[in-house]
Amino acid sequence: MSKPFYITTPIYYVNARPHIGHAYTTIACDTIARRQRMLGFDTYFLTGTDEHGQKIERAAQAAGTDPQKFADEVSAQFRGLWQRMGITNDDYIRTTEERHKKGVGELFRRIRDKGYIYKGTYTGQYCVSEELYVDGLKPGDPCPTCGRITETVQEENYFFKLSAFQDKLLELYNSQPDFIRPETRRNEVISFVKSGLRDLSVSRSTFQWGIPVPDDPKHVIYVWLDALSNYITALGYGSDDTTKYKKYWPAEVQMIGKEIVRFHCVYWPAFLMAAEIPLPKAIVAHGWLLFEENKMSKSRGNIVRAETILDVLGNDALRYFLLREIVFGQDGSFSFDALVQRYNADLANGLGNLASRTLTMINRYFKGEVPFPSQRAARKAGDDVIAEQAEKAIKECKALFDQYQFSRGLEAAWALVGAVDKYIVENEPWALGEKQDEESRARLATVLYTSAEALRIVTALAHPVIPEATAKIWAQLGLDGIAKFDLSTLKWGQLQLGSKLGKVEPVFPRADKKAIERMQEMEDQQRGGVVTDAQPGVPEKTAAATPSAEAAKPEAAKPAATVSSDGKITIDDFAKVDLRVAQVKVAERVKGADKLLRLEVDLGYETRQILAGIAEAYAPETLIGRKVVIVANLAPRKMRGLESNGMIVAASLEGGKPVLASFLEEVPLGARLK
RNA sequence: GGCGGCGUAGCUCAGGUGGCUAGAGCGACGGUCUCAUAAUCCGUAGGUCGUAGGUUCGAGUCCUACCGCCGCCA
């Protein structure tokens, strides 16, 4: 009986369409799941969608539909994307499914029976967007997290005795240092718990879209208690058939985004403790995917969809990039440039080319049969070096993947690719192929066998990350069923001699600059449709995050929403505006626009293009060298086909011309105004 | 405001418990081979390891302050 291995993604909140951030989390889990299967674990991989809550109720209303239909549509989009990406989840849970509702009811009842849920009254401020009660605010105050105005509510609630678990939680973190990873998240959680836990409201009576509290259907169960339970209800907790639950729970890994650490590392274990259910072994939090240094958000209009990359470069390219380029756990930056560069360097020129050259030569010189390596005279030190490198790659890869250090694990595997390329050049098999003497033939056989065997090993190691291409290379090597290959037995020398190669063809065609342009165009088109992309009718203002993994914290809320009732903004609001000193380097008129100038300004750390409607007030040549103030973090915007990355600050006189802000003293470029 | 983290070559990152001339990959530049996806391979480029002090025979690695960025909490 093989060991069970249960892994979960967060369930994604259906208030937003899936994007590359969701894909990132899911890909990481899929990679782990595939690897664990190859290692012989009885792996169970769960993902799904979170569909309840006031936010969904309101979004559906705004879209003129009912919440269930609304959720159906978005959930189907997630499911469709995962199918398209070949995600190997074993189940897909939706919180609106009967099995889930039943399980949640059961969990609620159980915690209540144990005495950890009681009825109380809450009066205070409530943030609809975050679906959270916020302490210490006055009526009309904005939510400290999202900036939207909170609502005053008074309601009778069920409360969970979270306060009773403070010591037990601290003991958990202490006795299982790996419970929360990475360590920086662990520190945050510990300090949060140490600062004292208040009881948690776990029901709502102000809206309907949720699971009714058992025996008191006026209330619905709080979204987080609802959502978190999915990890066990999907296994059959609270149902008649608990086979899977008994087999797979507790989970080995629960992957989350860093924005939902508190819910998974504090509330979730506390709920489980209260119900006397075993705790998951580890909660692993990854960082955020930034787009060229900025958070992806709807308001910035810089959300990238996974589909674009799938269309242009393919599934493996996306998977490889995300896991190789980003240090797992830290925030990482996504850009089309970096994606294509990585793709070409590592996949096309690296693994793809190695497969191509090795297999082509075996075809040419040995009629497509893996040759026998010579045992005696034709052996050289270099051959053994490759074998050693391969063993090293296997070892390091294992250690690093076990710790979810994907980027370093791939780096270790690719070191072997580099070594083999070098080995091939040093041994010049093409020159050996010219000769017919026995010595040369033997040598050629050894060189090509060695190369092919190393290729086989890299292919096996990389399979969990790039399943499609590695399956092809595997088949080209004349092997079959890479997914069934037992990774734990992988070692040098397993390649069957004389095995017949499959048809050899490139697996990673080289990408050119057009690929970048194409992806950008596709995204631009999508974004052009942001306003109308109300497909499932998700109004912009609901784009905030709660139980979703990636939706992240809604920064840069609509200005109108951050202004309190008296028209004043907080210092935090102002701090969102990044005002910087920049120097004009280039200034020219924009064809066909009377007022517009195209400027290139130097911020000291970067140069960027800004379009400014100041042509009537300033001749372009008079601006060159002048220091100006710009809003540096304004979302890019296209005007007259040119992209403007920022805004020049100027006094706007009544009916008159703009006057640029400037300084009397000397100021360095890039200096921030605050 | 409290707590915590980070700041190393153009880019992404390595550099447990201080110790040879600070590393890798990518990119850039020059050269090479020709089996291969104009791929490979070789060489070069030269970073005050955020700043200023301190501890030490010796600090990127420890301490203090400061600057910048970020996270959690209030």
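**View 1. Antiparallel pairing of strand E10 (residues 212-213) with E11 over two bridges.** Strands pair here if DSSP finds at least two bridges between them. Helices (H or I, at least four residues) and strands (E, at least two) are DSSP runs, numbered from the N terminus. The model is predicted: local features need pLDDT of at least 70 and side-chain atom pairs pLDDT 80 or more, whereas totals for chains, interfaces and linings use all residues. Residues are numbered from 1 along each chain as its sequence is written, chains are lettered from A and ligands numbered from 1 in the order in which they are written, and side-chain values use heavy atoms, with hydrogens and water left out. Val213 has Asp216 of E11 as its bridge partner. Two residues separate E10 and E11 in a hairpin, and Asp215 in the turn has a positive phi of about 70°.

**View 2. Strand E9 (residues 203-204) alongside strand E11 (residues 216-221).** The two strands run in the antiparallel sense and are joined over two bridges. Opposite Ser203 stands Ile221 in E11.

**View 3. The salt bridge between Lys119 and Glu156.** A salt bridge is a side-chain nitrogen of Lys or Arg within 4 Å of a carboxyl oxygen of Asp or Glu; by this rule the count comes to 29. The side chains of Lys119 and Glu156 meet at 3.8 Å, N to O. Lys119 lies in strand E4 (residues 117-127) and Glu156 in strand E6 (residues 151-160), so that distant parts of the chain, 37 residues apart, are linked by the pair. Lys119 is partly exposed at 42% relative accessibility, and Glu156 is partly exposed at 38%; buried means under 20% relative accessible area, exposed over 50%, and partly exposed in between (1.4 Å probe, protein chains only). A network of salt bridges links Lys119, Glu156, Asp216 and Lys218.

**View 4. The salt bridge between Glu252 and Lys281.** The N to O distance is 3.5 Å. Glu252 lies in the loop between helix H9 (243-248) and strand E12 (253-257), and Lys281 in the loop between helix H10 (261-275) and strand E13 (283-286), so the pair ties together parts that are 29 residues apart in sequence. Glu252 is partly exposed, with a relative accessible area of 24%, as is Lys281, with 39%.

**View 5. The salt bridge between Asp402 and Lys398.** These side chains meet at 2.8 Å, N to O. Both residues belong to helix H14 (residues 381-402); because they are four residues apart, about one helical turn separates them. Asp402 is partly exposed at 35% relative accessibility, and Lys398 is partly exposed at 44%.

**View 6. The protein surface near RNA strand B.** The strand is surrounded by 33 residues, of which Glu188, Arg262, Gln341, Asn353 and Arg357 are the closest; a residue is near if one of its heavy atoms lies within 4 Å. Of the atoms of RNA strand B that come within 4 Å of the protein, 77% belong to sugar and phosphate. Helix H6 (183-194), helix H13 (336-366) and helix H15 (406-427) each supply at least two residues of this surface, and H13 provides the largest share, eleven residues.

**View 7. Contacts of Glu188 and Asn353 with RNA strand B.** An N or O atom in the side chain of Glu188 is 2.4 Å from a sugar or linking oxygen of the strand. For the side chain of Asn353, the corresponding distance to a sugar or linking oxygen is 2.7 Å.

Notes: Polar contact = N/O pair within 3.5 Å; in protein donor to acceptor, adjacent residues only side chain to side chain.
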